[in-house]
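Morning, everyone. I'll take you through one two-chain model today. Have a look at it first.

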Amino acid sequence: MSKFKKKAEVKQEIPTSSMPDVVFMLLFFFMVTTEMRKSSIEVKQVLPKAAQLRKLERKTLVANLHIGQPTKAEYGTEEKIQANDVFIDTNDIIRWVNEEKSKLAEAEREQITISIKGDKDAKRGIIADVETELRKGNARKVLYTATDNSNQRKQ
Amino acid sequence: MARSTPEIPNASMADIAFLLLTFFLVTTTINNDRGLSIGLPPPPDPNKNIDVKMQEKNLFKIQVNSSDALLIEGDPVSDISGLKEMIIKFIKNKGQDPASSDSPEKAIVSFKTDRGTSHKRFIEILDIVQGAYYDIYAEEAGVTNKQWREAAAKLSDPQSKAIYDRGKKDYPMNISIAEPTKVGN
């Protein structure tokens, strides 16, 4: 019967009309997750390597301290502590901790984690001073940020 | 006269979207902070002069000087590959060897550095000490070291919490990081 005529040509094309939608979805995902770096880091930051790394449960509870030699010669060669975008002295750390805590919700203030991003060549002395101040400032959760080396060397 | 409705050509829209997409793909840094996590002790109470005497055998002493050289239990060591096994043996001794620790609760790994010790060396040693504990936890919980650490990062999930607790139950992480000495810098 002519009603069931065989189709002469079978189109074998993937419909591409929805591709812009797919692309836009991806685009929005990356737009939302992108974090432009707000402050430039002005100390050397070659992080030490370690294998036993732990992830943080809540990224919002983290405050960063960068410790290392200044990258610009005009600031000298002595190691400095950078918090947000300024250099701070060890005496200012308690104040800085309280400032960071006040940014958090009241119930979460005691859970603040300080991520110490120490340069691999930084000396233990300055980092220990920072720790002493953090203890006084009652911010006792510390994360020494490091890069993963477990793939290169089995321990 | 019927006028055709004006239309913006939208054939190139996909190209524009792709350009934007590529831009954000490249600039995105998904911030994954990872590192060695420790808890600092509470600040010292100036009114109390705490002078706790620990039994020598319950202490595993690691000392690093200002030139990053290492003393383990008083002996100079240059090869640190066996350190992890030594610590695991020390923690799990449970009184078998009378010269080593009495129980995991009493066993303390004492880690003392100098002000001149580099951060790199500090992290290297701390990594090994924590690795020894994580290995024990993983064994207790019946998972791999990596799985245990991942479980520890999401304690809100009851299943992960169970793994975390199972590992940590009998072995508190007693790592004492002493104030550095003041020889170098």
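Which strand of chain B do the bridges join to β2(A), and do the two run parallel or antiparallel? It is β1(B), residues 34-39; two bridges make the join, and the strands run antiparallel. One partnership to find on screen: A:Lys55 has B:Arg34 as its bridge partner in β1(B).

Some ground rules. This is a predicted model: local features need pLDDT of at least 70, side-chain atom pairs count only at pLDDT 80 or more, and totals for chains, interfaces and linings use all residues. Residues are numbered from 1 along each chain as its sequence is written, with chains lettered from A and ligands numbered from 1 in the order in which they are written. Helices (H or I, at least four residues) and strands (E, at least two) are DSSP runs, numbered from the N terminus. Strands pair if DSSP finds at least two bridges between them.

Now the sheet that crosses the chains. It is open, with seven strands and mixed pairing. The order is β2(A)-β1(B)-β7(A)-β6(A)-β3(A)-β4(A)-β5(A). At the edges are β2 and β5 (86-88) of chain A, each pairing on one side only. Further in, β3(A), residues 62-68, and β4(A), residues 80-83, run antiparallel and are joined by four bridges. There, A:His66 stands opposite A:Gln82 of β4(A).

Next, the interface. Contact here means C-beta atoms, placed from the backbone, within 7 Å. By that rule, 46 residues of chain A touch 48 residues of chain B. On the chain A side, α1 (19-33), β2 (54-55), β6 (113-118), α3 (124-136) and β7 (141-145) each supply at least two residues. The largest share, nine residues, comes from α1(A). By type, the chain A side divides into 22 nonpolar, eight polar and 16 charged. For that split, Ala, Val, Leu, Ile, Met, Phe, Trp, Tyr, Cys and Pro are nonpolar; Asp, Glu, Lys and Arg are charged; the others, Gly among them, are polar.

Over to chain B. It has five helices and six strands. Along the sequence the pattern is α-β-β-β-β-α-β-α-α-α-β. Five strands form an open, mixed sheet, ordered β4-β3-β2-β5-β6. β4 (75-77) and β6 (175-177) of chain B each have a single partner strand, so one side of each is left without a neighbour in the sheet. Within this sheet, β2(B), residues 59-64, runs antiparallel to β3(B), residues 70-72, with three bridges between them. B:Val64 stands opposite B:Leu70 of β3(B).

Which strands of chain B does α3(B) touch as it packs on this sheet? The answer is β2, β5 (108-112) and β6, and its direction makes about 175 degrees with that of β5(B). Axes are lines fitted to C-alpha atoms, for helices over the stretch in contact, and angles run from 0 to 180 degrees between N-to-C directions. Helix α3(B), residues 119-141, also packs on the seven-strand sheet, touching β6 and β7 of chain A together with β1 of chain B. There the angle with β1(B) is about 75 degrees.

How many residues of α3(B) are buried? 18 of its 23, so the helix is largely enclosed by the rest of the structure. Buried means 20 or more other C-beta atoms, placed from the backbone, within 10 Å of a residue's own. Across chain B, 24% of the 185 residues count as buried. Right after α3(B) comes B:Gly142, with a positive phi near 70 degrees.

Definitions and conventions. Two residues are in contact if their C-beta atoms, placed from the backbone, lie within 7 Å. A residue is buried if 20 or more other C-beta atoms lie within 10 Å of its own, exposed if 12 or fewer, and partly exposed in between; C-beta atoms are placed from the backbone.
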